[in-house]
Amino acid sequence: MRVTVRGAGVAGLACAIELAERGARVELLERAAALAGAGCSWFAGGMLAPWCELESSDPLIARLGEEGLGWWRQRFAATAQRGTLVVAHGRDTGELRQFGRRTEHFEILGAEAIAALEPDLAGRFSTALYFASEGHLDPRAALGALHARALELGVGVRFGDDAAAAPAAGRELLDCTGLAARGTLADLRGVRGEMLLVRAPDVSLSRPVRVLHPRVPVYVVPRGAGVYMVGATMIESDAGQRISARSLLELLSAAYALHPAFGEAEVLETGVGVRAAFPDNLPRIRRVGGAHYVNGLYRHGFLLAPALARRAALALLEGRHFAEVMDEDPRQRRLA
Ligand SMILES: Cc1cc2nc3c(=O)[nH]c(=O)nc-3n(C[C@H](O)[C@H](O)[C@H](O)COP(=O)(O)OP(=O)(O)OC[C@H]3O[C@@H](n4cnc5c(N)ncnc54)[C@H](O)[C@@H]3O)c2cc1C
C-alpha cells in the first residue's frame, strides 16, 4: 500500500512510522520548511502522564495513553520514566485532595519522601501525590528522533510542501494537519497554550512537577542541563500571537513560588501553540471524502499519538473499518 501522510507533527510522524514499519510505502509532506516551530508539537511540555490527565479527561485518554509510554521508550531512548510529582502550596491543599479523588495510580508522600525524591523541594511542601509510572521527554528531540526513524524506514519526507496536489491514483491520504484541517473538520476548535523555556542552573528537579492552584495550575518539566519548560495556559482561542504579559507573569510567578531560584532564571524562549480539539476533547480517526484524518489530540498529543497511529495504520492496511479496530475496547468505539 502507498500512503501520503500530510503534516509532520507528532501525529503525522507517528502514523508514518507505524505504516512504514508494517510495510507500507509512505511519503510524509510537511508545509513548514523544517520541524522547528512547524506546529503545536514544537511547543509541548512532553509529559507522558496518563494518570494525571484523568483529573480533567475521559478515562479513554488514560487507556490510550498507557500504550504510548512503551512505544516512546522503544523509539526514543531518552524517554524518562521517573514519574510525576503533584504538589500544592499550603492554602491550596484542597486542590490536592480533589486531584487525588479524580485520578489513579499514585501514592501520597509526606515531607520526607518529597525531599528524598526531589531534594530541592525539601521543606517546601508537606504533602504530594506521586505518579511513579508516568514519563516525560523533550518533544523537540523526540520529533527529531521520529524524523530520523522515518527516514531509516524509507519514508520520503518533504518539507515546504503543503500537499495541495491530490495524491497520485492508488495512494491513500492520511491527514494529520492539526488545526489546519478545520476547513474539513468543522467541529475542530483551537485551544491556545503558552509556555516558557528557562535556564535555572540553581534548580535541580529530575521529573515533571505540577503545582496545583485554583486559577493558575502550572507545571515545570526538566529538559536537562538546567533548562526547564514552564507551562502551560489553556485559553479557548485560536490566536497564535505571542504570549500575553499576564500569562508570562503568572507562569513565572508560579515557577518562582515552586522554587525561588527560578527568580534568577534566564528566559530562553516564550512560545505559543494552538491545540486542535473536538467539542468533547477526545481524539478522532475519521474518514471524510477520500481521506482519513487523525486529529483532536488536544492537550495529549505526545501521550496519544502512538495509540492513534497504530489504530490508523491497522485500519488502513488491513482494510478494517475504523469502528472494528476501535472495538479492542468498547470505549474506543468513540474514536470511530
Ligand atoms: C503549551 C503546550 C503544552 C503541551 N504539553 C503537552 C504534554 O506535555 N504532553 C502531551 O502529550 N501533549 C502536550 N501538548 C499537546 C500536543 O502538543 C498536541 O496535542 C500535539 O502537538 C498535536 O500534534 P499534531 O501532530 O496533531 O498537530 P501539529 O503538531 O500542529 O502538527 C500539524 C502539522 O501539520 C502541518 N500542516 C498543516 N497544514 C498542512 C498542509 N496543508 N500540508 C502539509 N503540512 C501541513 C503543520 O505545519 C504542522 O507541522 C501541549 C500543547 C501545548 C500547546
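**Exercise 1. The surroundings of helix α6**

Task: Determine which elements the buried residues of α6 pack against, and establish how these residues are arranged around the helix.

Solution.
Step 1. In this predicted model, the buried residues of α6 pack against the strands β4 (84–88), β10 (189–199), β11 (209–212), β12 (218–224) and β13 (227–231).
Step 2. The buried residues themselves are Ser247, Leu251, Ala254, Ala255 and Leu258.
Step 3. Viewed down the axis of α6, the buried residues fall within an arc of 100 degrees, so they line one face of the helix.
Step 4. The face turned away from the buried side carries the exposed residues Ala245, Arg246 and Leu249.
Step 5. As for its length, α6 comprises residues 245–258, 14 residues in all, and reaches 20 Å from its first C-alpha to its last, close to the 20 Å expected at 1.5 Å a residue.

**Exercise 2. The length and setting of helix α2**

Task: Compare the expected span of helix α2 with the distance between its end C-alpha atoms, and describe what surrounds the helix.

Solution.
Step 1. Helix α2 covers residues 59–75, which is 17 residues. The expected span is 1.5 Å times one less than the number of residues.
Step 2. On this basis α2 should span 24 Å; the end C-alpha atoms lie 25 Å apart, which agrees.
Step 3. At the N-terminal end, Asp58 acts as a cap, with a side-chain oxygen 2.8 Å from the backbone nitrogen of Leu60.
Step 4. The buried residues of α2 include Leu60, Ile61, Leu64, Trp71, Trp72 and Arg75. The partners against which the buried residues of α2 pack are α1 (10–21), β3 (47–48), β7 (135–136), α5 (139–152) and α7 (301–317).

**Exercise 3. Salt bridges between distant parts of the chain**

Task: Identify the residues with which Glu18, Arg310 and Glu269 form salt bridges, and state whether the residues of each pair are buried or partly exposed.

Solution.
Step 1. Side chains of opposite charge can pair when their charged atoms come close. The structure holds 22 salt bridges.
Step 2. Glu18 forms a salt bridge with Arg75, with 3.7 Å between the closest N and O atoms. This pair links distant parts of the chain, since Glu18 is in helix α1 and Arg75 in helix α2, 57 residues apart. Both Glu18 and Arg75 are buried.
Step 3. Arg310 forms a salt bridge with Glu67, the closest N and O atoms being 3.6 Å apart. Here helix α7, which holds Arg310, is linked to helix α2, which holds Glu67, across 243 residues. Arg310 has a relative accessible area of 25% and is therefore partly exposed; Glu67, at 27%, is likewise partly exposed.
Step 4. Glu269 and Arg140 meet in a salt bridge at 2.8 Å, N to O. Glu269 is in strand β14 (residues 266–277) and Arg140 in helix α5, 129 residues apart. The relative accessible area of Glu269 is 24%, so Glu269 is partly exposed, whereas Arg140, at 16%, counts as buried.
Step 5. Salt bridges that share partners join Glu18, Glu21, Arg22, Arg75, Arg149 and Glu152 into one network.

**Exercise 4. Two buried loop residues**

Task: For Asp92 and Thr103, describe the surroundings of each residue.

Solution.
Step 1. Asp92 is found in the loop between β4 and α3 (93–102). Asp92 is buried yet has no salt bridge, the nearest side chain of opposite charge being that of Arg91, 4.2 Å away. A salt bridge requires a distance within 4 Å, so this pair does not qualify.
Step 2. Not counting residues up to four places away in sequence, Asp92 touches Leu212, His213 and Pro214.
Step 3. Thr103 is found in the loop between α3 and β5 (107–110) and, at 7% relative accessibility, counts as buried.
Step 4. A polar atom of the Thr103 side chain lies 2.7 Å from the backbone oxygen of Phe99. Beyond neighbours within four places in sequence, Thr103 is in contact with Trp51, Cys52, Leu54, Glu55 and Phe131.

**Exercise 5. Unusual backbone geometry**

Task: Describe the peptide bond from Gly231 to Ala232 and the phi angles of Ala163 and Asn281.

Solution.
Step 1. Most residues other than glycine have a negative phi, and most peptide bonds are trans.
Step 2. The bond from Gly231 to Ala232 is cis, with omega near -15 degrees. Ala232 lies in the loop between β13 and α6.
Step 3. Ala163, although not a glycine, has a positive phi of about 50 degrees. Ala163 is found in the loop between β8 (156–159) and β9 (171–175), and is buried at 6% relative accessibility.
Step 4. Asn281, also not a glycine, has a positive phi of about 60 degrees. Asn281 is found in the loop between β14 and β15 (284–288) and is partly exposed, with a relative accessible area of 21%.

Methods. Residues numbered from 1 in each chain as written. Predicted model: local features only at pLDDT ≥ 70, side-chain atom pairs only at ≥ 80, totals over all residues. Heavy atoms only, no water. Helix = DSSP H or I, 4+ residues; strand = E, 2+ residues; numbered from the N terminus. Buried < 20%, exposed > 50% of the residue type's maximum accessible area, 1.4 Å probe, protein only. Contact = heavy atoms within 4.5 Å. Polar contact = N/O pair within 3.5 Å; in protein donor to acceptor, adjacent residues only side chain to side chain. Arc of directions from axis to C-beta. Lys, Arg positive; Asp, Glu negative; His and termini not counted.
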